[in-house]
Structures are given as C-alpha cells and as structure tokens.
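Me: I should like to learn how to read individual features of a protein model. Could we work through one together, step by step?

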Amino acid sequence: MPFPAHRPASHGPGLAGLLAVLLLASTAPASAGSPAGDPPAPATSHWAFLPPRRPAIPEVRQRSWIRTPVDGFILSRLEREGLAPAAEAPAETLGRRLALALTGIPLTVEERARFLEEAERDREGAIGGLVDRLLQSPRYGEHMAARWLDMARYADSSGFQGDPGRTMWRWRDYVIEAFNANMPFDQFTLEQLAGDLLPNPTLRQQVATGFNRNHRFNTEFGSIDEEWKTEYVVDRLETTGATWLALTLGCGRCHDHKYDPVTQREFYQLFALFSHIPERGVFWDGSDPAFPPSVRAATPAQESRIRELGDSIREADEELRGQARALGGEQAAWERRSRHRFARELNSIEGRRAPPDPPRRFLQGLTNEVARFPFDRSIPPQYGVRSEWVTNRVQLTNQFADGSSTLFTQFYASNEVTRFSELLHAALPTPGELDDGGVFGQALRLPGDRPALAVTNALDRDRVTVAFWLNPDSSEGLLLHKLSAQALFPIGLLLSLTNGHPHLEIHHKVFEFDATMIPMEMTATNLVLRGRWTHLALVLDGKRREAGPRLYLDGVPVSWEPLKASARGLNTFSNAAPLLVGAGPRGGGIAGRMDDLRIFDRPLSPGEVRLLADLPDALSLSLPRSQRTPAGSEAAARFYSEHISLTAAAKRSVRDAASRALGELEQSIPQVMVFREEPGPPEARILFRGQYDSPREPVFGGIPVSLGRLPEGAPTNRLGFAQWVVSPDNPLTARVFVNRLWESLFGTGLVRTSENFGTQGEPPSHPELLDWMATELIRTGWDVKRMIRLLVTSAAYRQDSSIPSALLQRDPENRLLARGPRFRLPAEVIRDRALHAAGLLAEQVGGPSVQPYLPGDSARPGPEAHRRSLYSIWQRTRFNPSLATFDAPSREACTVKRPRTNTPLQALALMNELTYLEAAQSIAAGAVRSGGGDSSRLEAMFLRVLGRLPTRDELGALERLLGRSRERYRKAPGDAIKLVRHAGGEAQRPEPAVELAAHLAVASALLNLDEFVTLD
C-alpha cells in the first residue's frame, strides 16, 4: 500500500481534516456514547489500522552490501533517492556501539582487545560472536527492562501525599528475567495483561500482572474513593493503549475520539475489562508496601529456604504425632501423681477456688487479669489488681550567699495500686438472662437488640486483651462496643460480625494539628460459624505496625484484610463510655450466647491465648479417668501433650522454632500488587463527560470495532483482550513493538512518533520494512532476541556515523539511514558507564531497590550507591535530579518516548554530581597507582573511559590539562585534599593528594566529553 515518503507531525487535523470531520458530523448519526455536539470518529483507512502485509524484499543494484533482509529495504530507498550508504564503522566503534546498545555497559579493556583480535582474523564471525555473547549476558535483560519500566510507570513510591514506598521490585525482576530468558513477546504480553486469568497461573504469572498496578495511588485523607478508582482505571487504559497499541485512548473518556476510530462507548467497554478488580480508590494506610490485591513473591533463595523449613516442620509434626501415641503411659503416671493438684490449679484459673499452695506448677500463669465474667450463677465475677511503680527524677539547684551553687538530684518512687473491684462496675445479668449449655456451665444470652452486659471503666489502655467464647445465632451484629464522644469523631473500638467475619474498628484520638481522623478498620478472613462455640481473643499491643491488632479463633491467629487504617499510631482509649457486650447503645447486636469473658490489661502471648482456648480440654484432664467420655479422653490427652508434657515440649520447641523462622521469612517476602478478577462479566457505565459521579447507561467488556474482533473462542475479559492484542489480526502490536526496537537501536523509529500510531502520528519512513519486520516477528514466534540480532548485524546498523556536509543538508535526522546511528545515551547508561569505567559498578541482577547519591550526600563505601541505575530507588516526588537532568522521567505516567536534550546543566552534573566525582577519583587513583609516565597514565584513563586510545592531538591536550591541574593544586594543597576526600578518596599528605587531584581533574574532563554520553 502506498505511503507518503514524509509528512511532518501534525498537532491538529488541519483545514482539510477539519472539513472532513465536519462533513462526516453533518451526515453521520451521533454515536450512542457521544455527548451531543461532539463529532464521531470518522471511518478510516489509516495505514496503522490495516493488517500488515508481508512485502517482498526489494531488488537492488548494490547486492553485495546486503547482510540481512533489512538492508534490502534500506538500500532500495537510498538508491531511489540517489544516495549511497556509508562505509562500515571501524571494529573498535562497532564493539563499543553493540555493547552500549545491547547491554548499556561498555566492553572492558580485555573484552575490547579480544574482539579486535577476533575481528582481525574474521570480522563477520567476530561481530556475530560478540552479538551472541551480549544477548546472553544478564546485562541485556537489565538494559531492555529500563525502557519497559518507563512505559509501565514503574516506581518505588506511590506518588501522592507523603509519597510512601512500595515493594514492586519483584515485578521489575520479572521483566528482567523475561527478557533474559527471551520469553516470546506474545507470552510476555499475555502474562502482564492477564496472567492471573491463565489456566492454573503460576506465582510468576500473577506477579506479571503488576504491570497494571504500577500506577500512582492516592493516600491522602479526605479523598473520594470512587473518584480515584475511576482515575486508576483510566490510567491503565491510557498506559495499555500507549504501550501495545501506540494509541491515545484517553480521549474516549469524555467523548468519541476526534481523530482515531474509538468511540466513548468502546472506551468504557475497555474500562469494564480493567475495572473488574477488588481494589479501593484511596488507601488510608499509605505506608503499606503493597495495596490489595497483592501476593508475596519469594525470590528463588527464599523459596528454597521455605521448602527447607516446611520439611522441618512436617518432620517435627510427624514425630509429635508418633510421640502422642507413646505418651499414654507418661500421662497415666503424671495423673497418678499430680491430677488433684492440677485440678486445684485449674480451678484457680477458672475462678472457682483460691490459688493453690504451693504456687502453680503446671500451667502458664495468666497474669494482669482485670476482670473475668463466668456468667454462672454459682461463680461470681472475679476482679484483678494492677500495681504500677512510678518513678520521677527532679534536679534542684541551691544558691548560696557567696554566689556558689550546688546541684541536688532527688528521686521519687510510688506504687500506684488499682483495685478493679472498686473501679469497674458491671450490671450483672439476672438468672433469667443466663442459659444452660455453656462451655463452663451456664452462659450469657445475647438478645441482639440491646447490650447484654455493660462494664464501666474497662479497657482504659491500648494494650489489652479481651477473650470470650461465642455461640452466635446470626452472622451480623456487634460483639463489643466502646465509643466515647470527642471533638468531631468518637474514640474507642468496635468488634462485630459481618457476614460471619469478625470486623474490627479502632477509632483514635483527634490530633490538634489534624482535624481529620480515619479509624482503623479491618475484617478477618476466617468465619465464625453459627450454632457452634468458638473462642475469640482480641489482642491489642498499642501498635499499628509490627504485630498490631491480632485476632485468635480457637487459639489460632487469623489474618486481617485491612479496609482502611490511619497513618498514625494507636492512642489510649477513653473511659468515658462503658464497654457494651452484645450490642451498642442503640442495639444492632449479635444474637446468641457468650461464656467466660476475660479482660487483661496487657497483650497475651500466643501461648496464653491458646491456653484459654484449650481450657475445656483441661477440664477433661482434671477429671478421674472413670468419669471421662471417649471424647473427653481424647481432649485430656490433647491438653496433656500440648501444655504439660516436657517430652512433647522438647519436640514442639524444635517445630515452633522452625515455624517462627518460617513466619519471619514469609513476613520478609516482598509483596507485589497484582490483578485479581472479580466474579461475573466485566461491566461498567459510561460516565457523562468522564465524571466519576455521572454514570449513564451500562456497557459490557469489549474492544474497538475498528481494530478488529476478539479471537474465536476468546473470553470477554482481560484474557480475551490480551489474546486480541497479540493476535496476528491486530494491526498494531507487532508494528509498534518492532518500531520501538528500531528506535532503541537507531535513535529514531521508522515511525518517528513511536508514542502515536494514530491519525495524528507520523507515517513510517520505510513502510514496507516496518510491515516486513512486524510479520517476521510474528512468523518467528515473537522472538525478540532474534529480531534484535537481525537488526544489529545488518549493514545498515554497521555503517559509520560520520555525517558529510552534503548528507547533513539532505537528511539531518538520518531518516533515510545513509549513515550509522548517533544519539545521546539514556540517563541510566551514562551513570552506569561512569561507574563501570571507574571499576565501581556493583553488578547483581535483581533485588530490592537501593538509594543512589542525592544532593547533599557524602561519598559512602559499599555497593549500595554503585549498583546499576535500574535498581535506584525511583521516588516520584523526590526524583533523582541527576537522572532527571538527562531526561529520565519521574514515571508518574506512562512514558513511551523520552526526550533527548542537550543543556549546560548536564555538563555541570557530569563535573560536580557526586557519582561522577567519585568515579573520576577512582579512575585517577587507578592511574596513579599504575605508575609509569604521564602519557601512559593518560592513555590508560582515556581507554577506560571512552573505549579507545587517544589521538596524538587528544593526548597532547590531556597532558596540558594535567600540567595545569598539578600547578593549581601545588599552590593550594588544601584544596586537593578537600577535593579528594569529598570524592570518597583518601588523602592524608599534600604530595599524593596533589597528584591524585590533578588526575581527578583529567578524569572528570573525560567524563564530560560528548563522546562519553553519545552512542556512535
């Protein structure tokens, strides 16, 4: 199909285009999703929306120049233009170009020498061998990932108020691993867009879906949840459209796209696909490392350790089960000796008798009990005593008449005793409010419409435990309620059941500096079943982080699903309101029964909570064997093994140690935000003018009609969408991807507007070549490395980049490709190249992000500041200014194409930014240590920095610079010492400091050369 050879990019439809749009608007009916007055997107035969056709490779006159099929298309165009290709670049230049283009890291001095020696013998074989080695290097995946992270707007922070950190680096590692493993691009696409919907998705495929959770998240109090859920979905659509389709889909949010055939209705059909996820719009707890839905993504080393610990736990459990059968004789002997004393001890815990004498020996002491309500007519409530020593230190100064003074220090200590029998007041239930059939005798009946028990002055602290047995008749209602009035918001806690799940709210004290106070709110993942006794224990340790609020069901901790949480810590509760049991002041309670309510003024340990939950089994053990039922005998054996047997305790300690280690390891595993599909068909509503609060008619998931249809049998969800994206019938994806590969290697894409293949983008300079590469990519199974090898081994890529004046006038931007590529390197490559030349680059693939130098930092030892820029912490609101100076984006939004600027600030950064100063100091120190004369030192420095030897004129200029620098620092040795120390070097005496500073000045000048920041 014919294409215009060149057309400047347009920022509007132009007069002809505007007339065409107006004509269509006057003759065509408005789209169903289009606001009145907006013209519909015209039907189009735009080149990018037509399926690519595989053209024949053109015939050319200069056939000997062709090395890959790519060259036929390039040379054909050159011959039509009356131009000839440039000569092949020197081997030294090609080696440097290939290394920087494929890995972002130059060849070492040794690798350069090896390549030049091989090229001397067999140039073609040397180039092919070098390309293969570079593509197999782990550096290749790192370099390719950097460009993908821009499009995915990957960052290590959320991007809004406070800009808290996140742990998405395991997704970043997935991208690196995928490129290094040469994952086919269609599979790479499927996993990132819909990995969770693939059959039996692996953890890796779930992590891959983090692509569309990399956007910014709002953590600001007062923001509207529904508004930001809408913004996230729009961001996903814009990012997905830009990344795979090079289309500006966002215009369809408010109206039909004016220039591309995407209607507003079709936009919201896509919206439905990407909004079908259980997420919130505003995350009150902004310091969470990953907002749900998320998964813990273990590294290979962590996975191996998890397997080892799991095996240890299983082995220990097997031994414990085997040992339990062997404990019968031990238990019988213990019962003959100690059962009566155990029964007395148990009765003291149960509150039925006085503590035993001598003190308890068998059970862990449950100290700090504030109150216990057995809800049994024969057993009254039990109240505890709190004893606290309060110390104070006061310093006094006595002044004497002669003017002298003496300092006295006085210490005061007092014991504050709180008797809860005097402080707490409870309206005890009447006999008519008690039911038989409790866990320990009788139980309190919970009517649901009013509180069953009110206790004043309870829970006066934020480090408490409340434990009780519950047998609910319903799945909804309040269990505990304690809210006191304060300015704006109440303070206290609520514990309830919501659809059978325990639900906790903790309301805080209002701070003077912030009138907004959002409560903590979380729901347990486990269910409390109706008609069954369950032991519940709520443990608060006064913290929002670390352990935080914990809930135990039947002695086993359960996990919370946080709904929202304050960004601040917990506060002491107010005692102004009573603790209401079974309902709030206006009802809304749970119906059922409660038994054995206990309140402690400290957080109980897991073992103590387990003991409370196992007390019914302990009752069986306290009975004579003749009085036990078969179930009671099993319960007695279970309690003896779990809480009393020293033999079992020794084995259990091994199992518990492994369990603790496993728990700590699992907590350390980074969390990755992922996609998780909600049940049901994806559905959305068209938003009038794109406003979240103006929903109109509903639409179901789908794709724009003008771009094709879903593959046969594809589901109407994200997976079907992803399958369409990489379908051979999709006219865009393969073209877009090969164009970006071309852009990364040649500096400019065949379609210069690589971010926009729509009608306002620029047509390709070589349309047949673009279509041939697109069809070739699909034909070869979306093999990325094969396509790259095809491009970099072409004669077109291997041309010299020198620009004759005539060619500069004819083709200043090298769109005809009559010479080799020449463009400024990306920000990360410039920084990494400096660290590599200095021998400082710490190479480790993957892992958590690290903090590079920022303004005001001092040089510090260790690898953290010297890792590849790919691993630098990418904080959106405090973005590294050195990388930003070289046009790296903050990644607040999808960036398909970085600008390339040339500013004085870049030269200042190369000469003054600490990374480059430290690199210059390391280069200089290596040269000084090597000995020899100035010329040999300077040649070695030049070779390390630029990858070639200097010319005679260049060497002379460097010698003059070194001489002037020596003279300058000899006159001011203090400046030399200060410079070397600031750059992280050691300088104790003036003489070596002068020499080191002079060479540092030369190294800094080399790092500031245009050749250093340019790929040629």
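Me: Is Asp 596 buried or exposed?

Reply: The general idea is to compare the relative accessible area of a residue with a cut-off, and buried means under 20%. In this predicted model, Asp 596 has a relative accessibility of 1% and therefore counts as buried. Asp 596 belongs to strand S20, residues 592–600.

Me: What is the phi of Asp 596?

Reply: Phi of Asp 596 lies near 55°, which is a positive value in a residue other than glycine. A second case is Asn 814, whose phi is positive at about 60° although Asn 814 is not a glycine. Asn 814 sits in the loop between helix H22 (805–810) and strand S24 (823–824). With a relative accessible area of 9%, Asn 814 is buried.

Me: Which residue touches Asp 596 from a loop between strand S2 and strand S3?

Reply: Here one reads a contact list, leaving out the neighbours in sequence. Phe 375 lies in the loop between strand S2 (369–373) and strand S3 (382–383). Not counting residues up to four places away in sequence, Phe 375 touches Asp 596, and its other contacts include Met 594, Asp 595, Leu 597, Pro 429 and Leu 434. Phe 375 has 5% relative accessibility and so counts as buried.

Me: How many residues apart in sequence are Phe 375 and Leu 434, and what is their distance in space?

Reply: The two separations are read side by side. Phe 375 and Leu 434 are 59 residues apart in sequence, and their C-alpha atoms are 7.1 Å apart. For the chain as a whole, residues 24 or more positions apart account for 71% of the contacts with a separation of 6 or more.

Me: How many residues does the largest nonpolar core have, and which have the most contacts inside it?

Reply: A core is read as a set of buried nonpolar residues joined through their side chains. The largest has 185 residues, and Trp 148, Trp 171 and Trp 742 have the most contacts inside it. Helix H30, residues 990–1007, gives the most to this core, with 10 residues. Leaving aside neighbours within four places in sequence, Trp 148 is in contact with Trp 171, among others including Phe 179, Phe 185, Gln 192 and Trp 244. Another core, of 42 residues, lies apart from the largest one, and among its members are Phe 420, Leu 434, Leu 536 and Leu 551.

Me: Why is H2 described as largely enclosed by the rest of the structure?

Reply: One counts the buried residues along the helix. In H2, 10 of the 13 residues are buried, so H2 is largely enclosed by the rest of the structure. Val 70, Phe 73, Ile 74 and Leu 75 are among them, as are Asp 71, Arg 77 and Glu 79. The buried residues of H2 pack against helix H19 (733–746), H20 and helix H21 (784–792). Just after H2, Gly 82 takes a positive phi of about 75°.

Me: What span should the 13 residues of H2 have?

Reply: The expected span follows from the rise per residue. At 1.5 Å a residue, the 13 residues of H2 should span 18 Å, and the end C-alpha atoms are 19 Å apart, which agrees.

Me: At what angle do the axes of H2 and H20 cross?

Reply: The angle is taken between N-to-C directions, and over 145 degrees counts as roughly antiparallel. The axes of H2 (residues 69–81) and H20 (residues 767–779) come within 9 Å and cross at roughly 170°. The two helices are therefore roughly antiparallel to each other. Pro 69, Val 70, Phe 73 and Ile 74 of H2 make the contact with Glu 768, Leu 769 and Trp 772 of H20. By class, the residues of this contact are six nonpolar, no polar and one charged.

Me: Where is Pro 293, and what is the peptide bond that leads to it from Pro 292?

Reply: For a peptide bond, one reads omega. The bond from Pro 292 to Pro 293 is cis, with omega near 0°. Pro 293 is placed in the loop between helix H11 (264–274) and strand S1 (294–296). H11 is mostly covered, since 10 of its 11 residues are buried. Those buried residues pack against several elements, including helix H8 (185–194), helix H10 (225–245) and strand S22 (683–687).

Terms used. Residues numbered from 1 in each chain as written. Predicted model: local features only at pLDDT ≥ 70, side-chain atom pairs only at ≥ 80, totals over all residues. Heavy atoms only, no water. Axes fitted to C-alpha atoms, helices over the stretch in contact; angles between N-to-C directions. Helix = DSSP H or I, 4+ residues; strand = E, 2+ residues; numbered from the N terminus. Parallel < 35°, antiparallel > 145°, perpendicular 65-115°, else oblique. Contact = heavy atoms within 4.5 Å. Nonpolar A, V, L, I, M, F, W, Y, C, P; charged D, E, K, R; others polar. Buried < 20%, exposed > 50% of the residue type's maximum accessible area, 1.4 Å probe, protein only. Core = buried A, V, L, I, M, F, W, Y, C linked by side-chain atoms within 4.5 Å. Expected span 1.5 Å × (residues − 1).
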